[in-house]
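Student: Could you take me through one part of this model in some detail? I'd like to see how its pieces fit together.

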Amino acid sequence: MPAAHPILTQKQCVDYSFMEIKDVRDIMMNKSESETDDANKDTKRGNQPSNSVLEVPPASQDEENSIHKLSNIKSLKLNSNEIKSLVPLYQCLNHVIKSPSVIQWVDLSNNIIESVPLSFEHFDKLSILYLHGNKITEIKAISGLSSMKNLTNLTLHGNPIENHKHYRNYILHLLPNLTKLDFSIITKQNKEDSRTWENVYRKKLARKK
């Protein structure tokens, strides 16, 4: 596929939405407009840039200090693409963004994502995560989010998982610090109901861990 060129906004956000991205490794194709220009120059000289990235090499020290890396990024939009796997996402972002761990908002809605990898714990400042409109079917597919203590706003509606009998209670059990789920504010009563549910299903929950 063509290289994914990010759009930078004035709100410290990098936008890869609606770019027909199927593999998150495609975001490494171009780090900035200046690098895109360099690639175009190479093409004119007869050096064809690769359109596919098969592996995610570790970032070198030079890359870590590269002036071409996007800085002060707090938000990431990858919504409305065709992404299925998020496994290499953090590692890929480390090639194009300075300190991706400080990202606070990630929009991954309207893709074909089936699970959230444990590597998401590296986004330790993340407070807002949009995952609605994907293909997540099982509760255990999002268990990796349990370590994200700063996550307060999560969306999962439009996934098969929302048809789970105890969907809302289980999410509140998994992420007790949430203040909003599926764009609905979590009330004090919601939390009390969740705690009651936890007591009833305590043994079953222990088996899920």
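Tutor: Let's start with the chain as a whole and then go into the part around strand S4. Keep in mind that this is a predicted model.

The chain has six helices and eight strands, and along the sequence they run β-β-α-α-β-α-β-β-β-α-β-β-α-α. Of the 209 residues, 42% are buried. If you take contacts between residues at least 6 apart in sequence, 66% of them join residues at least 24 apart.

Now to strand S4, which spans residues 105-107 and includes Asp-107. What does Asp-107 touch, leaving aside residues up to four places away in sequence? The list is Leu-76, Lys-77, Leu-78, Asn-79 and Tyr-130. Asp-107 is the curious one here: it is buried yet has no salt bridge. The nearest side chain of opposite charge belongs to Lys-77, 5.2 Å away, and a salt bridge would need the side-chain nitrogen within 4 Å of a carboxyl oxygen. What the Asp-107 side chain does have is a polar contact with the side chain of Ser-109, at 2.7 Å.

Tyr-130 turned up in that contact list, and it also leads us into the aromatics. The structure holds six aromatic pairs. In one of them, the rings of Trp-105 and Tyr-130 have centres 5.9 Å apart and planes at 80 degrees, so this pair counts as edge-to-face. The two partners come from distant parts of the chain, with Trp-105 in strand S4 and Tyr-130 in strand S5 (residues 128-130), 25 residues apart. How exposed or buried are they? Trp-105 is partly exposed because its relative accessibility is 21%, while Tyr-130 has 15% and so counts as buried.

Tyr-130 pairs with Phe-183 too, again edge-to-face, with 5.3 Å from centre to centre and 75 degrees between the planes. This pair also bridges distant parts of the chain: Tyr-130 sits in strand S5, and Phe-183 is in the loop between strand S7 (180-181) and strand S8 (184-185), 53 residues apart. Phe-183 has a relative accessible area of 44%, so it is partly exposed. So Tyr-130 has a ring pair with Trp-105 and another with Phe-183.

Away from Tyr-130, ring pairs also link Tyr-90, Phe-120 and Phe-123 into a cluster. Tyr-90 takes us to helix H3, where it is one of the buried residues. Helix H3 covers residues 89-96 and is mostly covered itself, with six of its eight residues buried. Along with Tyr-90, the buried set is Leu-89, Cys-92, Leu-93, His-95 and Val-96.

Cys-92 deserves a quick word. Its relative accessibility is 0%, so it counts as buried. Cys-13 is buried as well, because its relative accessible area is 6%. As for disulfides, a search of the whole structure finds zero.

For a contrast, go to Asn-72, in the loop between helix H2 (61-64) and strand S3 (75-77). Asn-72 has a relative accessible area of 54%, so it is exposed. Its C-alpha atom is 7.4 Å from that of Lys-98, although the two residues are 26 apart along the chain.

Note on methods:
Residues are numbered from 1 along each chain as its sequence is written. This is a predicted model: local features need pLDDT of at least 70, side-chain atom pairs count only at pLDDT 80 or more; totals for chains, interfaces and linings use all residues. Side-chain values use heavy atoms; hydrogens and water are left out. Helices (H or I, at least four residues) and strands (E, at least two) are DSSP runs, numbered from the N terminus. Buried means under 20% relative accessible area, exposed over 50%, partly exposed in between (1.4 Å probe, protein chains only). Lys and Arg count as positive and Asp and Glu as negative; His and the chain ends are not counted. A polar contact is a pair of N or O atoms within 3.5 Å; within protein, one must be able to donate a hydrogen and the other to accept it, and residues adjacent in sequence count only if both atoms are side-chain atoms. Contact means heavy atoms within 4.5 Å. Rings of Phe, Tyr and Trp (its six-membered ring) pair if their centres lie within 6.5 Å; planes under 30 degrees apart count as stacked, over 60 as edge-to-face and the rest as tilted. A disulfide is a pair of cysteine sulfur atoms within 2.5 Å.
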